[in-house]
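Here is a protein chain to explore, one part at a time. Keep the picture open while you read, and look up each residue as we get to it.

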Amino acid sequence: FRLVTLTGSGGVGKTRAATEIGLLVDDFPGGVWMCELAPITEPGAVVLAAIESIGATPQAGLTGVDVIVDWCHDRRVLLILDNCEHLVAAVADLVSDLAERCPTLTVLATSREPLGVPGERVVRVPSLEPVDGVELFIDRASAVDDRFGDEPDRRSVEAICRRLDGIPLAIELAAARVRSLSPAEILHRLDERFRLLRGSGRGGLERHQTLEAAVDWSYRLLADAQRELFDELS
């Protein structure tokens, strides 16, 4: 059994990294299965979500973990548990059970904090290096406006990426604004980043469509005492 948890701030690309890993690995003949936990709000629903993600069927007389163990049997499987941060305790319990009973199962989790399970290897997903941030901005901006890549204002783009701390989500949201603003204008207006960095896409998680939603999600993950402290500081 192996467990790797990708950690990092919101919008840094944990889900994308996990998805790419799932597409690249070729030593799991039992398949690579994605369990998306973002829509789950009740800790008790975590096991059922995992069962549904692998296509198993709940069975009378068996616990949810029993169903997963029976399905895995001797299969070499990679199970990706995505967006665990709001369900850390429940996910940790599930992973601990599977660690004891599924020696052929590998788990890749994404979370803003480690699961705290014995044997867990934590890998922090860093923000983008400046050159990679610029490349991402130009790529996304070119997709919005095919003329953008001809003579991009690299100095302004570099400044935008620095101001946004190399966070891919923020850079992508900024790049989408080239429909109506030049990079220099985007840079000038970044003081209003919550208003400016809004996505127009209808797919994906709601908290990935605006920077404000990403920050709000982080705030809601805090304990009550931590929220009160931030409220007082603000």
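## Buried or exposed?

Let's start with a term we'll need a lot: a residue is called buried when its relative accessible area is under 20%, exposed when that value is over 50%, and partly exposed in between. Take D145 as a test case: its relative accessible area is 18%, so D145 counts as buried. Its salt-bridge partner is R147, with the closest N and O atoms 3.2 Å apart. R147 has 61% relative accessibility, so this one is exposed.

## The whole chain

Keep in mind that this is a predicted model. The chain has 234 residues, and buried ones make up 43% of them. Its secondary structure comes to eleven helices and five strands. About 12,900 Å² of the chain is exposed, and carbon and sulfur atoms supply 51% of that area.

How much of the contact list comes from residues 24 or more positions apart? Among contacts with a separation of 6 or more, such pairs account for 70%.

## Helix α6 and its cover

Now find helix α6, which runs over residues 154-163. Its buried residues are S156, V157, A159, I160 and C161. What covers them? The cover includes α5 (130-144), α7 (168-175) and α8 (183-188). Just after α6 comes D165, and the phi angle of D165 is positive, near 60°.

## A glycine in helix α5

Helix α5, part of that cover, is also home to G133. Is G133 buried or exposed? With a relative accessible area of 1%, G133 is buried. Leaving aside residues up to four places away in sequence, G133 touches L128, C161 and I171. You've already met C161 as one of the buried residues of α6.

G133 also gives us a link back to D165. The two are 32 residues apart in sequence, and their C-alpha atoms are 9.2 Å apart in space.

## Salt bridges

How many salt bridges are there in the chain? The count comes to five. One of them joins the side chains of D139 and R140, at 2.3 Å from N to O. Both residues are partly exposed: D139 has a relative accessibility of 43%, and R140 has a relative accessible area of 27%.

R140 has another partner too, because a salt bridge is a side-chain nitrogen of Lys or Arg within 4 Å of a carboxyl oxygen of Asp or Glu, and the closest N and O atoms of R140 and E172 are 3.2 Å apart. This pair links distant parts of the chain, with R140 in helix α5 and E172 in helix α7, 32 residues apart. Add R16 and you have a network of salt bridges: R16, D139, R140 and E172 are linked.

## A negative patch

Last stop: helix α11, covering residues 224-233. That's where you'll find E228. Which residues join E228 in a negative surface patch? They are D224, D231 and E232.

Definitions and conventions
Residues numbered from 1 in each chain as written. Predicted model: local features only at pLDDT ≥ 70, side-chain atom pairs only at ≥ 80, totals over all residues. Heavy atoms only, no water. Patch = residues over 30% accessible without salt bridge, like charges linked within 9 Å, V, L, I, M, F, W, Y side chains within 5 Å. Areas by Shrake-Rupley, 256 points an atom, 1.4 Å probe, with all protein chains shown as cover. Lys, Arg positive; Asp, Glu negative; His and termini not counted. Charge placed at Lys NZ, Arg CZ, Asp CG, Glu CD. Helix = DSSP H or I, 4+ residues; strand = E, 2+ residues; numbered from the N terminus. Buried < 20%, exposed > 50% of the residue type's maximum accessible area, 1.4 Å probe, protein only. Contact = heavy atoms within 4.5 Å.
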